[in-house]
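Visitor: I am new to this structure and would be grateful for a close look at a single part of it. Please begin with one residue and its contacts, and then work outward to the elements around it.

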Amino acid sequence: MVARSLLIALSRARHESKARLIKALMLAAGVARRLYGEENDELPKALLRFDDQSLLQRHIELLQAYGVKELVMIVGHRQEDLIAEAGAVAHEGFVRPIFN
């Protein structure tokens, strides 16, 4: 449901003004306590893979396809892994990490 809402909003924004700079914000700093429990060093939810594609990769590809020019990604837990994945799938300069 959230993904569909995001696609609808991005589609509307793209059609309203192609000249506008569209940015997105992603919060990816959590430790996934609800998924793994209190003490863990497991992968963040954004790096979980489905059909050989991480959730982060899927979101980056959708954002780029809908004309978003920059993704500001708040990172914390396992930030090196998140930044590496983002760098591997996004075009250069698309992701700007902010460290929590």
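Guide: Leaving aside neighbours within four places in sequence, A28 is in contact with M73, I74, V75, G76 and L82. The model in which these contacts appear is a predicted one. A28 itself belongs to strand 1. Its relative accessibility is 9%, and A28 therefore counts as buried, the limit being under 20%. A28 also lies 8.5 Å from Q79, C-alpha to C-alpha, although 51 residues separate the two in sequence.

Three of the contacts of A28, namely M73, I74 and V75, lead to strand 4, which covers residues 70-75. Strand 1 and strand 4 run parallel and are joined by six bridges. Within this pairing, A24 has L71 as its bridge partner, and M26 has M73. In general, the strands of a sheet pair through backbone hydrogen bonds, in either a parallel or an antiparallel arrangement.

Strand 4 is also paired with strand 5, again in the parallel sense, over five bridges. Here L71 stands opposite V95. L71 is thus a residue with a place in both pairings, as bridge partner of A24 and as the residue facing V95 of strand 5.

Together these strands form an open sheet of three strands, in the order 1-4-5, with parallel pairing. Strand 1 (23-28) and strand 5 (95-99) are at the edges and have a single partner strand each, so one side of each has no neighbour in the sheet. On average, neighbouring strands of this sheet are turned by 20 degrees against each other, direction ignored.

How many of the six residues of strand 4 are buried? Six of the six are, and the strand is mostly covered. As a general rule, side chains in a regular strand alternate between the two faces of the sheet. In strand 4, E70, V72 and I74 point one way, while L71, M73 and V75 point the other way, and all of them are buried.

The remaining contact to follow is L82, which is one of the buried residues of helix 4. Helix 4 comprises residues 79-89 and lies across strand 1, strand 4 and strand 5, at about 165 degrees to strand 4. Strand 4, helix 4 and strand 5 make up a β-α-β unit that is right-handed.

Which residues of helix 4 are buried? They are L82, E85 and A86. These residues cover an arc of only 100 degrees around the axis, and therefore they are on the same side of helix 4. An α-helix has 3.6 residues a turn, so residues three or four places apart point the same way. On the other side of helix 4, E80, G87 and A88 are exposed. The buried residues of helix 4 pack against strand 1, strand 4 and strand 5, and also against helix 3, strand 2 (49-50) and strand 3 (53-54).

Helix 3, one of these packing partners, spans residues 55-65, and its buried residues are L56, Q57, I60 and L63. Seen down the axis of helix 3, they fall within an arc of 135 degrees, so they line one face of the helix. Just after helix 3, G67 takes a positive phi of about 90 degrees.

Strand 2 and strand 3 are joined by a loop that holds D51 and D52. Most residues other than glycine have a negative phi. D51, although not a glycine, has a positive phi of about 55 degrees, and D52 likewise has a positive value, near 60 degrees. The relative accessible area of D51 is 81%, so D51 is exposed; D52, at 66% relative accessibility, also counts as exposed.

These elements belong to a protein with four helices and five strands, which follow one another along the sequence in the pattern α-β-α-β-β-α-β-α-β. Of its 100 residues, 31% are buried. Among contacts with a separation of 6 or more, 70% are between residues 24 or more positions apart. The protein exposes about 6800 Å², of which carbon and sulfur atoms supply 52%.

Terms used
Residues numbered from 1 in each chain as written. Predicted model: local features only at pLDDT ≥ 70, side-chain atom pairs only at ≥ 80, totals over all residues. Heavy atoms only, no water. Buried < 20%, exposed > 50% of the residue type's maximum accessible area, 1.4 Å probe, protein only. Helix = DSSP H or I, 4+ residues; strand = E, 2+ residues; numbered from the N terminus. Arc of directions from axis to C-beta. Pairing = 2+ DSSP bridges. Axes fitted to C-alpha atoms, helices over the stretch in contact; angles between N-to-C directions. Contact = heavy atoms within 4.5 Å. Areas by Shrake-Rupley, 256 points an atom, 1.4 Å probe, with all protein chains shown as cover. Right-handed = clockwise from strand over helix to strand, strands pointing away.
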